[in-house]
Amino acid sequence: MKVAGVIAEFNPFHNGHKYLINKVKKEYADALVVVMSGSFVQRGGIALTDKWTRSKAAIMGGADLVLELPAVFAMNTAQRFATGAVEILNASGVVDFIAIGSESGNVDLMRRAALAVSEEPPEVSERIKFYSASGINYPAARKMAFEEVAGVVIPDSPNDILALEYLRALRDTSSDMDAKAIVRKGTDHDSDAVSENIASASEIRRRIEIGENDSDFLPYYDFPVYRQDVLDAALIGKIRECGAEYIAGINDITEGLENRFIKGAYECSTVDELCEFVKSKRYTLSRIRRAAWSILLGF
């Protein structure tokens, strides 16, 4: 029996996810194990709905087992997110390969990039620092440095970036699991376009937030929706109360960001406003969002 592993957030579980599971089980595997983030997600913040509802949708959509990725991994960098998820699949002892949603579908290209990133030469590291110091965010700085110095193409599309990190984690953990790339169907990640009955998770979340009908894009769409605003006051209050020393020790808080968080907490009333206040060209909004919620959770 062949068992596939899928790493996902299902925020929410939509028709594109169902297509991925159906294709994997039809063509490659007899059973499928999902590692899924829980209440907090990798973009930084709480999931649209609870983990039990999302797990149930995954099971109804063809998954055979759903395992939770702890929040400390789920709400972290792509590398740490991928490593935590791959370690869980390794520890399950039953998964033969991971099925990776991908824009390119080119596992060999992503594997070469993963090897290069794992063995980052000093001259590339120095170039990354140079680009970062000039205000370029880390993912773009890394891509530019590897292509300029080492002649290695680093993927820059969202799913392929995560795929690179999954392949890197397989290598770094000496995993016995293989990997297969499944070409993403429908619209691009974070796109507001719609292709037949498939829309990106971000577009579906946007429609839900403004009350539009999104049932065409969701195979199982009757679910409760979390309200992030109930935690906004808790997070902003935590920043005001805890002080700079505490915040400076939080994951991904570096180079004086704690002071910007404290200043922003006295000028902003929502987490979205706070993160826009703190972010800069050098730091992606996702990194700032993860850091903000990590302050509340104590990571």
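## Exercises on a predicted model

Phe 13 is buried, its relative accessible area being 3%. The structure is a predicted model, and the exercises below start from this residue.

### Exercise 1. Aromatic pairs

Determine how the rings of Phe 10 and Phe 13 are arranged, and then treat Tyr 28 and Phe 97 in the manner of that pair.

Solution. Begin with the search of the whole structure, which finds four aromatic pairs. In the pair of Phe 10 and Phe 13 the ring centres are 4.9 Å apart and the planes stand at 80°, so the arrangement is edge-to-face. The cut-off behind this step is that planes over 60 degrees apart count as edge-to-face. Phe 10, like Phe 13, belongs to the buried residues: the relative accessibility of Phe 10 is 2%, and that of Phe 13 is 3%.

Next, take Tyr 28 and Phe 97, whose ring centres are 6.5 Å apart and whose planes stand at 75°, so that this pair is edge-to-face. The two residues link distant parts of the chain, since Tyr 28 lies in the loop between α1 (15-27) and β2 (31-37) while Phe 97 lies in strand β4 (residues 97-102), 69 residues apart. The accessibilities are then read one by one: Tyr 28, at 32%, counts as partly exposed, whereas Phe 97, at 4%, counts as buried.

### Exercise 2. Backbone geometry in loops

Find the cis peptide bond that ends at Pro 12, and list residues other than glycine with a positive phi, including Phe 10.

Solution. The background is that most residues other than glycine have a negative phi, and that most peptide bonds are trans. Against this background, the bond from Asn 11 to Pro 12 is cis, with omega near 0°, and Pro 12 is placed in the loop between β1 and α1. Phe 10 is also found in the loop between β1 and α1, and the phi of Phe 10 is positive, near 50°.

A further positive phi, near 50°, is that of Glu 255, which is found in the loop between α11 (244-248) and α12 (257-265). With a relative accessible area of 57%, Glu 255 is exposed.

### Exercise 3. The sheet and its strand β2

Establish the strand order of the open sheet, and then describe the partners and the burial of β2.

Solution. First, five strands form the open sheet in the order β3-β2-β1-β4-β5, and the pairing is parallel. The edge strands, each of which pairs on one side only, are β3 (65-69) and β5 (178-183). From one strand to the next the twist averages 30°.

Second, the partners of β2 are examined. Strand β1 (residues 3-8) is joined to β2 by six bridges, the two running parallel, and Gly 5 has Val 33 in β2 as its bridge partner. Five bridges join β2 to β3, again with the two strands parallel, and Met 36 stands opposite Glu 68 in β3. Helix α2 (residues 51-60) lies across β2 and β3 and runs at about 145° to β3.

Third, consider burial. In a regular strand the side chains alternate between the two faces of the sheet. From β2, Ala 31, Val 33, Val 35 and Ser 37 point one way, Leu 32, Val 34 and Met 36 point the other way, and all are buried. The strand β2 is accordingly described as mostly covered, with seven of its seven residues buried.

### Exercise 4. Nonpolar cores

Which residues of the largest nonpolar core touch the most other members?

Solution. The largest nonpolar core has 38 residues, and Leu 89 and Ile 98 are the ones that touch the most other members. Once the neighbours within four places in sequence are left aside, the contacts of Leu 89 are Gly 5, Ile 7, Val 33, Val 35, Val 95, Ile 98 and Met 177. A second, separate core holds 23 residues, among them Ile 247, Phe 261, Val 278 and Ala 291.

### Exercise 5. Charges over rings

Locate the charged end that sits over the ring of Tyr 131, and describe the surroundings of this tyrosine.

Solution. The charged end of Arg 127 sits over the ring of Tyr 131, 5.1 Å from its centre. Tyr 131 is found in helix α6 (residues 122-133) and is buried, with a relative accessible area of 10%. Not counting residues up to four places away in sequence, Tyr 131 touches Ile 136, Ala 141, Met 144, Ala 145 and Glu 148. A further case is Arg 240, the charged end of which sits over the ring of Tyr 266, 5.2 Å from its centre.

Key:
Residues numbered from 1 in each chain as written. Predicted model: local features only at pLDDT ≥ 70, side-chain atom pairs only at ≥ 80, totals over all residues. Heavy atoms only, no water. Phe/Tyr/Trp six-rings, centres within 6.5 Å; stacked < 30°, edge-to-face > 60°. Buried < 20%, exposed > 50% of the residue type's maximum accessible area, 1.4 Å probe, protein only. Helix = DSSP H or I, 4+ residues; strand = E, 2+ residues; numbered from the N terminus. Lys NZ or Arg CZ within 6 Å of the ring centre and 35° of its normal. Core = buried A, V, L, I, M, F, W, Y, C linked by side-chain atoms within 4.5 Å. Contact = heavy atoms within 4.5 Å. Pairing = 2+ DSSP bridges. Axes fitted to C-alpha atoms, helices over the stretch in contact; angles between N-to-C directions.
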